[in-house]
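This report goes through one protein model, from its overall make-up to single residues. Please keep the sequence and the structure at hand while reading.

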Amino acid sequence: MVTCLSTVVRVRENAVVNADGIGDYIRDRRGELGLVQSELADRAGIARPHLSEIERGRIALPNADLRRRLAAALGVSHVQLLVAAGELTAAEAGMPTVPVD
């Protein structure tokens, strides 16, 4: 399990980083911001059904341009989305990690 708070990533020792994937991360962050899918989709410049496909994991890794637009709309970095997608570990991304129980 990974919880991203600002630029600190909390990971369980020996856990696979970002097992939940980019879709869960986007949905969780959208919820933290109090946005519905249509609002986030508008901010990122995509159709709501496309965002739904990403959140449900049917699109595992959106292209780089879309990841950057989603990151900006969510107020996170593009790198945080790559970590959420499992494409980078927090250590590879140079993000500080804090173990959780």
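The text below covers the overall fold, the nonpolar core, one helix and three single residues.

The model is predicted: local features need pLDDT of at least 70, side-chain atom pairs count only at pLDDT 80 or more, and totals for chains, interfaces and linings use all residues. Residues are numbered from 1 along each chain as its sequence is written, and side-chain values use heavy atoms, with hydrogens and water left out.

**Overall make-up**

Five helices and three strands form the secondary structure of the protein. Helices (H or I, at least four residues) and strands (E, at least two) are DSSP runs, numbered from the N terminus. Along the sequence the pattern reads β-β-α-α-α-α-α-β. Of the 101 residues, 38% are buried; buried means under 20% relative accessible area, exposed over 50%, and partly exposed in between (1.4 Å probe, protein chains only). The protein exposes about 5,700 Å², of which carbon and sulfur atoms supply 49%. Accessible areas come from the Shrake-Rupley method with a 1.4 Å probe; for residues, only the protein chains shown count as cover. Among contacts between residues at least 6 apart in sequence, 54% join residues at least 24 apart, where contact means heavy atoms within 4.5 Å.

**The nonpolar core**

A nonpolar core is a set of buried Ala, Val, Leu, Ile, Met, Phe, Trp, Tyr and Cys residues joined through side-chain atoms within 4.5 Å. The largest one has 19 residues, and those touching the most other members are Ile 26, Leu 40, Ile 46, Leu 51, Leu 70, Val 76 and Leu 81. H1, H2, H3, H4 and H5 are the elements that give two or more residues to this core. H4 supplies the largest share, five residues. Leaving out residues up to four places away in sequence, Leu 81 touches Ile 22, Tyr 25, Ile 26, Arg 67, Leu 70, Ala 71 and Val 76.

**Helix H2**

Helix H2 spans residues 37-44, and its buried residues are Gln 37, Leu 40, Ala 41 and Ala 44. These cover an arc of only 100° around the axis, so they sit on the same side of H2; the arc is that of the directions from the helix axis to the C-beta atoms. The buried residues of H2 pack against H1, helix H3 (48-55) and H4. Asp 42 and Arg 43 are exposed on the other side of H2. Gly 45 follows H2 and has a positive phi, near 75°.

**Three single residues**

The table gives the exposure of one residue from each of three helices.

| Residue | Helix | Relative accessible area | Class |
|---|---|---|---|
| Arg 30 | H1 (residues 21-32) | 12% | buried |
| Val 79 | H5 (residues 78-85) | 32% | partly exposed |
| Asp 65 | H4 (residues 64-74) | 47% | partly exposed |

A polar atom of the Arg 30 side chain lies 3.0 Å from the backbone oxygen of Leu 35. Beyond four places away in sequence, Arg 30 touches Leu 35, Val 36, Gln 37, Leu 40, Glu 55 and Leu 74.

Val 79 touches Leu 88, Ala 93 and Met 95, again not counting residues up to four places away in sequence. Val 79 and Thr 89 are ten residues apart in sequence, with their C-alpha atoms 9.9 Å apart.

For Asp 65 and His 78, the separation is 13 residues in sequence and 9.6 Å in space, C-alpha to C-alpha.

Notes: A polar contact is a pair of N or O atoms within 3.5 Å; within protein, one must be able to donate a hydrogen and the other to accept it, and residues adjacent in sequence count only if both atoms are side-chain atoms.
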